[in-house]
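The following briefing concerns a predicted model. It is arranged by topic, with cut-offs given where a term is introduced.

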2 protein chains.
Amino acid sequence: MALLILMPNRDSSELEGALRRCEPQLDLRVWPQCGDPADIVFVVSWNHPPGELRRFPSLRAVASFGAGVDHMLGDHDFPCGVEVVRMIDDDLVRDMAEYVCCAVLSHRRSWLHYHDLARERRWRPSPYPRSSRVVVLGLGRLGRVAARRLHSFGLDVIGWSRSLKSIEGIKCIQGRPALESALAGADYVACLLPLTPETEGILDASLFACMKPGAYLINVGRGRHLIEADLLAALDQARLGGACLDVFVTEPLPADHPFWNHPRITITPHVASLTNQESVAAQILDSYRRAVEGRPLLNRVDLERGY
Amino acid sequence: MALLILMPNRDSSELEGALRRCEPQLDLRVWPQCGDPADIVFVVSWNHPPGELRRFPSLRAVASFGAGVDHMLGDHDFPCGVEVVRMIDDDLVRDMAEYVCCAVLSHRRSWLHYHDLARERRWRPSPYPRSSRVVVLGLGRLGRVAARRLHSFGLDVIGWSRSLKSIEGIKCIQGRPALESALAGADYVACLLPLTPETEGILDASLFACMKPGAYLINVGRGRHLIEADLLAALDQARLGGACLDVFVTEPLPADHPFWNHPRITITPHVASLTNQESVAAQILDSYRRAVEGRPLLNRVDLERGY
């Protein structure tokens, strides 16, 4: 019985090292060196080639190397009966909440503006808003902690999700009409949705048209949640006041992309929440043992639903 | 019975307006137009001239226009038996915690660094520290909330104060030796102390010498907590990694001051926590009524102790 790392075009040496440190006896293989395909009972996948998993007749489960599984949704030859789990831990959740708070607070408190003023030796105090309303899109494990943390700063937080949630201090809503009316009063909109066929391109002109003029968009979901041209148009029309983006349709963001250098776009290079290799290795090994022993897997994903 | 605003060189028109809106019947006077000095039972002070309060024989209490009372400590002719209160409300406390979190999180997450990289169209993800230790100096109403909020992000927080406090999740310490050993392991040091003869100049070369090389200093107390030349020397020697300063010995910070434009100093123009005039007016009127009616005052200050 072996565990296969199947991550084309991604350096997996750190993960291999962490797995071997945790479990020196592990029969670990790294694609495309798979050995006998019948040995493989567990795969760690990132962007595996569609159909590739059908090569492994003993495969019991696949772990997505990350919190999202959108990279697997295009595999229409995904083998039946193979379970899917995702990597998500307390560090990932905490770091994402930290990033989202950093984006909202630093904008509320004009952090970059004062940084620019200081270069010109200018002392120009200006008031910050007494309060702000934030709409958090997505109330999964990441979204709900981000929402609660924002609320702890006295911000007025509304959370939107497909199935209605209940979170202390947060007004939870569902459905497009409720979202549109929440957006009309929001100063910040933060996207922490999973990427699914339903949410792809959700941050588009029709959504921006519902937002309060001057509102600020934060995208830490996936690049494909956003229609990039629609954002540029909304900023040009002053429909939106600005945006903080950590994820992009193409990463690294190409050097000639109009987002770079845009005066109202803050760019970070996909660092909102970085996977902790040690923690991921421990989760992978736990899932592997559960799969081998036939015990129930944690953090299971429904590929039909997409999260 | 009248209330006097005594704030030389400071525009009090907003405060006057807010007091009149709250209490149209109030006998409100603005220094130096005091009318009959015997009418004055309550003074709102900011930097009143030493000895000036002795002119008012009926004076019962003085409110400091702000959370600190250091501007009164130089008045050695402060009349006996007159009580002192300070202005502090939930907004002020919350806003200060927000600022301190913004300073720590934006540094942890390289916010200004990515801002500068984006101007050069450079995609350079770099890892952030898995955790950080923060020493909060001062655990009064402002410091304790800031400490708790930092802790909610999974940071390791140690709080130092003159009298030992107990705050859930925070390791509380007192005394210089305990402070010095805490500083040796701290990534961040945030000063939220009151300014008193004991704390003036506390952020000096001897303190920096105890800090972990590369640590980051945040000062939101008063400018005179910091020996500015010692900070510049510690940054030049790479003893400290950087500093975020909201308060300065001279404000506005003079245009030729070496802090401006320093590559490792973030400057904000005394905006960490801005007084909300409506909230302050309500607090002043409450204190005024308590003083008039002989009821106990809230937020009393011991001028001997200095806070």
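Ile218(B) is in contact (heavy atoms within 4.5 Å) with Ala103(B), Val104(B), Tyr188(B), Val189(B), Ala190(B), Cys191(B) and Cys244(B), once its neighbours within four places in sequence are left aside. Ile218(B) is also among the residues that touch the most other members of the largest nonpolar core, together with Leu150(A), Leu192(A), Ile218(A), Leu150(B) and Leu192(B). That core has 73 residues; a nonpolar core is a set of buried Ala, Val, Leu, Ile, Met, Phe, Trp, Tyr and Cys residues joined through side-chain atoms within 4.5 Å.

**Basis of the values**
- In this predicted model, local features need pLDDT of at least 70 and side-chain atom pairs count only at pLDDT 80 or more, while totals for chains, interfaces and linings use all residues.
- Residues are numbered from 1 along each chain as its sequence is written, chains are lettered from A and ligands numbered from 1 in the order in which they are written, and side-chain values use heavy atoms, leaving out hydrogens and water.

**Helix α2 of chain B**
- Helix α2 (a DSSP run of H or I, at least four residues, numbered from the N terminus) covers residues 90-108 of chain B and reaches 27 Å from its first C-alpha to its last, close to the 27 Å expected at 1.5 Å a residue; the expected span is 1.5 Å times one less than the number of residues.
- Because 16 of its 19 residues are buried (under 20% relative accessible area, 1.4 Å probe, protein chains only), α2(B) is largely enclosed by the rest of the structure.
- At the start of α2(B), a side-chain oxygen of Asp89(B) comes to within 3.1 Å of the backbone nitrogen of Asp91(B).
- Ser110(B), just after α2(B), has a positive phi of about 55°.

**Relation of the two chains**
- A turn of 180° with a shift of 0.0 Å along the axis lays chain A on chain B with an RMSD of 0.0 Å, by least squares on the C-alpha atoms of residues with pLDDT of at least 70 in both.
- The two copies are thus related as by a two-fold rotation axis.
- Cys102(A) has the C-alpha nearest the axis in chain A, 3.1 Å from it.

**Interface**
- Chain A and chain B each give 54 residues to the contact.
- The copies meet through the same surface, because 100% of the interface residues of chain A are also interface residues in chain B.
- About 5100 Å² is buried between the chains, of which carbon and sulfur atoms give 61%; this is the accessible area (1.4 Å probe) lost on putting the two parts together, summed over both.

Methods:
Helix = DSSP H or I, 4+ residues; strand = E, 2+ residues; numbered from the N terminus. Buried < 20%, exposed > 50% of the residue type's maximum accessible area, 1.4 Å probe, protein only. Polar contact = N/O pair within 3.5 Å; in protein donor to acceptor, adjacent residues only side chain to side chain.
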